[in-house]
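Please look over the sequence and the model shown here before reading on. The report then goes from the whole chain to single residues.

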Amino acid sequence: MPNVYMGLDGEMTCADLAAGGRLIQIGLAVGTGPEERITELIGWDEGDFFAEEKAMEVHGIPVKTILAAPRPPEVDERLCEWCLDHGGKADKRKLVTVGWNVGAFDLPFVQQALPKTFRLLSRRSADLNAICFALGGTLTVSGSCPAWSGLKRMSKRFAERSLEKLGIEAAWHDAGYDALAGLLSFQWLREAVKR
């Protein structure tokens, strides 16, 4: 059975796990259909996380929402079942995560908060930043040869337009939206390489 590419994005209370940053929203997507994506809030008790002002402003999830959301073990059970229903295998790590800095940034937070779900994820990931860095200045797209940042902008613009056509409004920094947009950006980049 082939690997399944799965968009993954997380929103955190702080960018530093060691300083008390915690995963508070996760989005997963294997396709664009409503049944092919899931977004969950993750709650923590007061004193169990550090809320950095800058990070909190980016995603806009209030502390009171974090305190009231379902706790990690409950979310982990739901996400684990969802992953198993969408290509995950209990004995094999078939789900290859796709996202912007997903391997270095998001996955350590997932491992800490959602260990059952994490065990279903491949140790390999498709980091869109790394792909853009590798292809920047070497790939001709629409008659130009954009730098890595141009490729990133173009792929995100493609994802946003594709989602608008499906009636999904842009909601950057919502983990569900970002996971789905990351998956579409990955598909665009793969197609761009073939041209």
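The sections below treat the overall fold, the surface, one strand pair and two chosen residues.

## Overall fold

This is a predicted model, and the protein in it has eight helices and five strands. Read along the sequence, these elements follow the pattern β-β-β-α-α-α-β-α-α-β-α-α-α.

The radius of gyration is 17 Å, which agrees with the value near 16 Å that a compact globule of 195 residues would have. Along the principal axes, the C-alpha trace spans about 55 × 40 × 35 Å. Of the contacts between residues at least 6 apart in sequence, 66% join residues that are at least 24 apart.

## Burial, surface and charge

Buried residues account for 49% of the 195 residues in the protein. The exposed area comes to about 9700 Å², and carbon and sulfur atoms supply 52% of it.

As for charge, the protein carries 23 positive and 26 negative charges, and the mean positions of these two sets lie 9 Å apart.

## The pairing of β2 and β3

Strand β2, which covers residues 23–29, pairs with β3 in the antiparallel sense over five bridges. Within this pairing, Ala-29 stands opposite Arg-37 in β3.

In a regular strand the side chains alternate between the two faces of the sheet. Strand β3, made up of residues 37–41, has a covered face with Ile-38 and Glu-40, whereas Arg-37, Thr-39 and Leu-41 belong to the uncovered face. Arg-37, the residue opposite Ala-29, is thus placed on the uncovered face of β3.

## Two residues in detail

Thr-97 has its place in strand β4, which runs over residues 95–99. Is Thr-97 buried or exposed? Thr-97 is buried, because its relative accessible area is 0% and the cut-off for a buried residue is under 20%. Not counting residues up to four places away in sequence, Thr-97 touches Met-6, Leu-8, Val-102, Leu-107, Leu-121, Arg-124, Ser-125 and Ala-126.

Leu-17, by contrast in location, is found in the loop between β1 (4–12) and β2. With a relative accessible area of 26%, Leu-17 is partly exposed, since that class lies between the limits of 20% and 50%. When its neighbours within four places in sequence are left aside, Leu-17 is in contact with Arg-22, Pro-108, Phe-109 and Gln-112. Leu-17 and Phe-50 are separated by 33 residues in sequence, and their C-alpha atoms are 9.2 Å apart in space.

How values were computed: Residues are numbered from 1 along each chain as its sequence is written. This is a predicted model: local features need pLDDT of at least 70, side-chain atom pairs count only at pLDDT 80 or more; totals for chains, interfaces and linings use all residues. Side-chain values use heavy atoms; hydrogens and water are left out. Helices (H or I, at least four residues) and strands (E, at least two) are DSSP runs, numbered from the N terminus. The radius of gyration is taken over C-alpha atoms; the globule rule is 2.2 Å times the number of residues to the power 0.38. Buried means under 20% relative accessible area, exposed over 50%, partly exposed in between (1.4 Å probe, protein chains only). Contact means heavy atoms within 4.5 Å. Accessible areas come from the Shrake-Rupley method with a 1.4 Å probe; for residues, only the protein chains shown count as cover. Lys and Arg count as positive and Asp and Glu as negative; His and the chain ends are not counted. The place of a charge is taken as NZ of Lys, CZ of Arg, CG of Asp or CD of Glu. Two strands pair if DSSP finds at least two bridges between them.
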